[in-house]
Amino acid sequence: MRYAFAVLFIIMVLALLACVSVARRSYKKIGGTVAMLIGMLIPPVIGNLIIILSTAKIPATIGCYIYFIGMDAVMMSLLHFTFEYCVVKWPNNFLRYLVYTIVSVDVLQYALNPFFGHAFDTEAIIVDGRDYYRLIPYLGQTYHRIIVYGILLAIIVIFFFKLITSARAYSERYVVILITILLTACWQSYYIFSRTPVEKSMAGYGIFGLLIFYFSLYYRPITLLDRLLANMASDMPDAIFFYDVYGRCIWANDQAIELVKLPDDKFDRSSELLQAKFGQKEDFNEPEWTCRKVVGTGADCKYYDQSKRTVTDEKGRVTGFFITIRDITKEQKLLQKERYNATHDPLTDLYTKEFLYESIRKKLDEDPDTDYMIHYIDIQNFKLVNDVFGSSFGDKTLKRIAVFLKKRVPSDGVFGRIGGDAFGVFVPKKSFDKEKLESELRTFSVGEGALNHHIVIHVGVYEVVDRTLEVSFMFDRALLAMGTIGENYQTHVAIYDEKIRKDVLWAQHISAQLKEAIANKHVLPYLQPIVDKHGKIVGAEALARWIHPQDGFLSPAAFIPVFEKNGMIIEIDRHMWRCACEILAGWEKEGRDLFISVNISPKDFYFMDVASELKALAAEYKIDPSRLRIEITETTMMTDVENRMKVLEDLRKEGFIVEMDDFGSGYSSLNLLKDMPVDVLKIDMQFLTASADEEKGRTILQNIIQLSEELGMFSLTEGVETKSQMEMLADMGCKLFQGYYFAKPLPLPEFDDFFKTALA
Ligand code: C2E
Ligand code: MG
Ligand code: MG
């Protein structure tokens, strides 16, 4: 039997050594501590091995020393391991050093035993027919036992404490070690106190070492995991249904039970209830799926995200499924609200510009065979509407238009608000009815109390011929068409056509070249003589001409309206005034007593200080201001009248002569004329010829000439083409004349020649 145990102990030592080597290499933090503890179990086993095998006193005594001192080391490393395994610390350093000291004293007293013999001795007894040296304990041995049992007790208390204070899922890890410690301790105590020879309890050390090795480094707490996962599933906000491989529901969390109103623990009814709620049976043939379900309609509808997952074991075998259902109603509604706010104008509830453009592009792409029309809708003088009737009426007008569009635009069209007072509409060509739209706009009004205010709305229409064009450019074209309506009160709708396209291209073409043309003197004044009743040249009107290197001779009709519109007219006028001053300065030197009339556009008043510019020029060229006459039209005086009158008065004070151009061709407000700071009335001959009744026309002309005289103005008739016209006008009392009858507008050298010939 001794030898059988000796072999068992050797195997155990080898097994423990293997564990030490594996534990040392473990990636776990506790690996080092485990290796140390298992390593420390080896000396007592070896000590016992020696005792078992010894037939002489000395080796048996050495075995005892190894065993007892080894036990001290075992207890210290077990204590250390306990702290780490149970995640506890020394209560304080004093206790720690006290324990170290007590154990050290034990080692010391064993070291002194050979001299004093106070700890133990051995005695020979016969076991298996041979000598076996059995321990005879003395006082020192009792000290050793107290220490060992004391530490053991502390360790058991720690484990026990952890066992009762930890969550149930963790108890497994403590209980196994605690039981092992207790069993090993009991087994060993039995041998110690019974003094039975051949201590077999050392086998317990081996088992103890292996259990520690396994539990500390390899044990996966399945129960713990199960519990954690179950708790997680219960606490999750999603509803979860777990199914076995046959598609039977085996468990559902509270949220799931609540979702389908599952009766207590009747999990097998979940499929039927899910189908009743979501109208679809779960598909267990597909391993995984996700889908979104909408339950209900309108404001009460709810949104759910569902997904099915398959659970497999380590070998990839299907062990079950689970379905999660998340209520995303809140997020969806918030998202919808945000999307709505981002795509709708808050005042009118119509699409925003960006969203309208996006919708139009989508429709164009989705439906390549339908022809569409784009409308640019604009309220005329909306600023005035706001100023006169107040901004709340302005808002009301915008809302009225929104209602008008909602009623009028067919369901296959889209519309939105694309600017302050601008709206955009996109409809199939077949629904576009110009006449109907015209008549509806003609009567468009917005009520305020008992009053109804007529609101002028203009619509520019572009037929989407080029579908690749950016939507914003399509609206630009519709806007261009709208721009052609102008002051025509009868028209509200204009359609973009080839002429508009050409005009735009032409405008772009010449606008890009204007600055250079001025610098290169391609834009220059032609002078049309102005004569008195004796036919004597008294002055000239400077009229702009553009000698274009590629497009040839351009009359003002080709470029003045373009530049009037885009404001570049001020470049031309500045240049013309300077040229006129230059010519006048030359004439002054020659002693020629002539004036030059220059034209002033309404836009000049917007974009520059007309009076200062003219004064500065007169000063720069040192000319008498009375030689530079200024032609303004009635249109100029239709806006910002007071300020413009001040400018004219200022100019007259300086000595400039102001002429009212084209009188008779426009509104010809006689009332306005009464207050105008004007020296000369330039009567338009057109006014005479356009009239069907010549006699009546003549009477009016006669009266205007007379009126001008009475108002203290000089009369000048332009457009005089025949001798008889000239004679008639002279008879009526007209003072000055201008027209083809005398000369066409002439380039400066030709004008010089004409002047000299006339003198001769
Ligand atoms: P406007 O200032 O009334 O100039 C008189 C226009 O009548 C000139 O046309 C002139 O050539 C034309 N005219 C003169 N006599 C006769 C005639 O007997 N019969 C007919 N049928 N026409 C006659 P034009 O030069 O083509 O200029 C047209 C308009 O362009 C001018 O009308 C003026 O409003 C504008 N304009 C010309 N040059 C300038 C300029 O430098 N600046 C500005 N702002 N406008 C200019
Ligand atoms: Mg003129
Ligand atoms: Mg004129």
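**Note on ligand 1 and three helix pairs**

1. In this predicted model, a nitrogen atom of ligand 1 lies 2.6 Å from an N or O atom in the side chain of Asp573. Asp573 also belongs to the residues that come nearest to the ligand, together with Asp661, Asp662, Glu721 and Tyr740. These five are drawn from the 22 residues around ligand 1.

2. Two further side chains should be noted at the ligand. The side chain of Arg545 has an N or O atom 3.0 Å from an oxygen atom of ligand 1. For Glu718, the corresponding distance from a side-chain N or O atom to an oxygen atom of ligand 1 is 3.4 Å.

3. The remaining points concern helices. Two packed helices are described by the angle between their axes and the distance between those axes. Both values are given below for each pair.

4. Helix H1 covers residues 2-25 and helix H2 covers residues 31-53. Their axes come within 9 Å and cross at roughly 165 degrees. Angles over 145 degrees count as roughly antiparallel, and H1 and H2 are therefore roughly antiparallel to each other. Their crossing is left-handed. The residues in the contact of H1 with H2 comprise 23 nonpolar, four polar and two charged.

5. H2 also packs with helix H3, which spans residues 57-85; the axes of H2 and H3 come within 7 Å. The crossing angle is roughly 160 degrees, so H2 and H3 are likewise roughly antiparallel to each other. H2 passes H3 in a left-handed crossing. By class, 19 nonpolar residues, seven polar residues and one charged residue form the contact of H2 with H3.

6. The third pair consists of helix H25 (residues 694-710) and helix H26 (residues 723-732). How do the axes of H25 and H26 cross, and within what distance do they come? The angle is roughly 50 degrees, and the axes come within 9 Å. H25 and H26 are therefore oblique to each other. The crossing in which H25 passes H26 is right-handed.

7. Which residues make the contact between H25 and H26? From H25 come Arg698, Leu701, Gln702 and Ile705. From H26 come Met728, Leu729 and Met732. Sorted by class, the contact of H25 with H26 has five nonpolar residues, one polar residue and one charged residue.

Methods. Residues numbered from 1 in each chain as written. Chains lettered and ligands numbered in written order. Predicted model: local features only at pLDDT ≥ 70, side-chain atom pairs only at ≥ 80, totals over all residues. Heavy atoms only, no water. Axes fitted to C-alpha atoms, helices over the stretch in contact; angles between N-to-C directions. Helix = DSSP H or I, 4+ residues; strand = E, 2+ residues; numbered from the N terminus. Parallel < 35°, antiparallel > 145°, perpendicular 65-115°, else oblique. Left-handed = near helix turned anticlockwise from the far one by under 90°. Contact = heavy atoms within 4.5 Å. Nonpolar A, V, L, I, M, F, W, Y, C, P; charged D, E, K, R; others polar. Near = heavy atom within 4 Å. Polar contact = N/O pair within 3.5 Å; in protein donor to acceptor, adjacent residues only side chain to side chain.
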